[in-house]
Amino acid sequence: MSASPVYLDAATAAPLHPVARQALLAALDDGWADPGKLYTQARRARQLLDAARAATAETLGVRPDELSFTGSGTTAAHAAVLGGLAGRRRVGPILVHSEIEHSAVLHAAERHTAAGGTALGVPVDRLGRLDVAAWDTAVRAPGVALAALIAASHEVGTLQPVAEAAAACAAAGVPLYVDAAQAVGRVPVPAGWSVLTASAHKWGGPAGVGLLVVRKGTRWESPWPADERESGRTPGALNLPAVVAAAASLRAAAADAAAEAARLAPLVGRIRARVAAEVPDVEVVGDPDHRLPHLVTFSCLYVDGEALLHALDRRGFAVSSGSSCTSSTLRPSHVLEAMGVLSHGNVRISLHRETTEADVERFLTELPAIVADLRAEAGVVGL
């Protein structure tokens, strides 16, 4: 194929930021020793770890001793949920969460319920926005140990009313955990939370680094066996060069976030408008205004989502799908299902710092024919 590939799946993993690459290579030379030891190489590794923690905490606006690095965003999410519940087990067994949380949070909730706890899902509207009144009622119920709310939907991009949810939690005396994986390094995260997690490869850092922030005064107990590293919050040795690269790239991404949002949001707006106008029987989902600047999702009737992803890949476009209507699960996306929107033939486009206007134009130019061809193959014509 003559045209160069176009990567449009930054919500899964953004391309490695140049700053991350530089920091990673430098830290491979200086950061290989165990930072918990006392000899010269270990002290150098400790300096790198302390500097990475301080820089990341400063970017997030938290104290360094509130921040722990983990082996992944998923590990951080599991620890946030299970640790938050364990720390307040005397209060009660109830976890309140939105119905559109990431699967990592929902899997932790399943573990909690399997152990005898309770998980209550709070609905969202058709745009994917939390029902704040239902949330307020849920967190005020007796026995609620923890509430969990994603900062912005990883599937449709809708920004959640974190500030309002946090106010309701504060009034009820319930700590709020915010999964900020899609927000950190891209948009500001509202205050009011007690626990927060993020994932480095979403902002252009290396994979295998997660962030777990537990605010001072929050009752939280590690769900893992005892380990002296990372203040006992996450077990095992860190990949220190990757941590250093994650910290450096987060600082760079956060510094550029406003400018990148201003550049990418109009491109996403163009995709939303053009897809709706130029591809028949398509539903563009998610909030058109209160949304992440880089992410857009749409669903195509009469098209199999997996077939559409493969067809786009053959034309050089790497995209994702929120629809899991494939042979592996036979279930639609829980997020799209909770919103009550079309989930068939679903495509998620997520842009990044290397995405150009030409990339977006090429995608928009080729998409209608690709969808039409798939529909024709399926015997659906005359739309």
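A residue counts as buried when its relative accessible area is under 20%. By that rule, 51% of the 383 residues of the protein chain are buried. The model described here is predicted.

**Overall form**

The protein chain contains 10 helices and 12 strands. Its C-alpha trace spans about 70 × 55 × 35 Å along the principal axes. The radius of gyration is 21 Å, which agrees with the value near 21 Å that a compact globule of 383 residues would have. Of the contacts between residues at least 6 apart in sequence, 72% join residues at least 24 apart.

The accessible surface of the chain is about 16,000 Å², and carbon and sulfur atoms account for 54% of that area. As for charge, there are 34 positive and 39 negative side chains. The centres of these two sets are 7 Å apart.

**Nonpolar cores**

In soluble globular proteins, nonpolar side chains tend to be buried together. Here the largest nonpolar core has 56 residues. Phe69, Val96, Trp135, Ala147, Leu176 and Trp203 have the most contacts inside this core. Helix α7, which covers residues 240-278, gives the most to the core, with nine residues. Another core lies apart from it and has 28 residues, including Val268, Cys300, Val347 and Ile370.

Trp135 can serve as an example from the largest core. When neighbours within four places in sequence are left aside, the residues in contact with Trp135 include Val96, Ala147 and Leu176, which are themselves listed with Trp135 among those with the most contacts inside the core. Trp135 is also in contact with His97, Ser98, Val122, Leu130, Ala148, Leu149, Ala165, Ala168 and Cys169.

**Four single residues**

The table gives the place and accessibility of four residues.

| Residue | Place | Relative accessible area | Class |
|---|---|---|---|
| Ala45 | helix α2 (residues 40-60) | 0% | buried |
| Leu28 | helix α1 (residues 18-30) | 46% | partly exposed |
| Ser231 | loop between β8 (210-214) and α7 | 63% | exposed |
| Asp281 | loop between α7 and β9 (282-285) | 35% | partly exposed |

Ala45 has a relative accessible area of 0% and is therefore buried, as the limit for that class is under 20%. Leaving aside neighbours within four places in sequence, Ala45 is in contact with Asp30, Ala33, Pro35 and Leu240. Its C-alpha atom is separated by 9.2 Å from that of Pro241, although Ala45 and Pro241 are 196 residues apart along the chain.

Leu28, in helix α1, is partly exposed because its relative accessible area is 46%. Leu28 and Glu337 are 309 residues apart in sequence, and their C-alpha atoms are 44 Å apart in space.

The loops on either side of helix α7 supply the other two examples: Ser231 is found between β8 and α7, and Asp281 between α7 and β9. Ser231 has a positive phi of about 55 degrees although it is not a glycine. Asp281, also a residue other than glycine, has a positive phi near 55 degrees. Ser231 counts as exposed because its relative accessibility is 63%, a value over the 50% limit. Asp281 counts as partly exposed, with a relative accessibility of 35%.

Notes. Residues numbered from 1 in each chain as written. Predicted model: local features only at pLDDT ≥ 70, side-chain atom pairs only at ≥ 80, totals over all residues. Heavy atoms only, no water. Helix = DSSP H or I, 4+ residues; strand = E, 2+ residues; numbered from the N terminus. Rg over C-alpha atoms; globule rule 2.2 N^0.38 Å. Buried < 20%, exposed > 50% of the residue type's maximum accessible area, 1.4 Å probe, protein only. Contact = heavy atoms within 4.5 Å. Areas by Shrake-Rupley, 256 points an atom, 1.4 Å probe, with all protein chains shown as cover. Lys, Arg positive; Asp, Glu negative; His and termini not counted. Charge placed at Lys NZ, Arg CZ, Asp CG, Glu CD. Core = buried A, V, L, I, M, F, W, Y, C linked by side-chain atoms within 4.5 Å.
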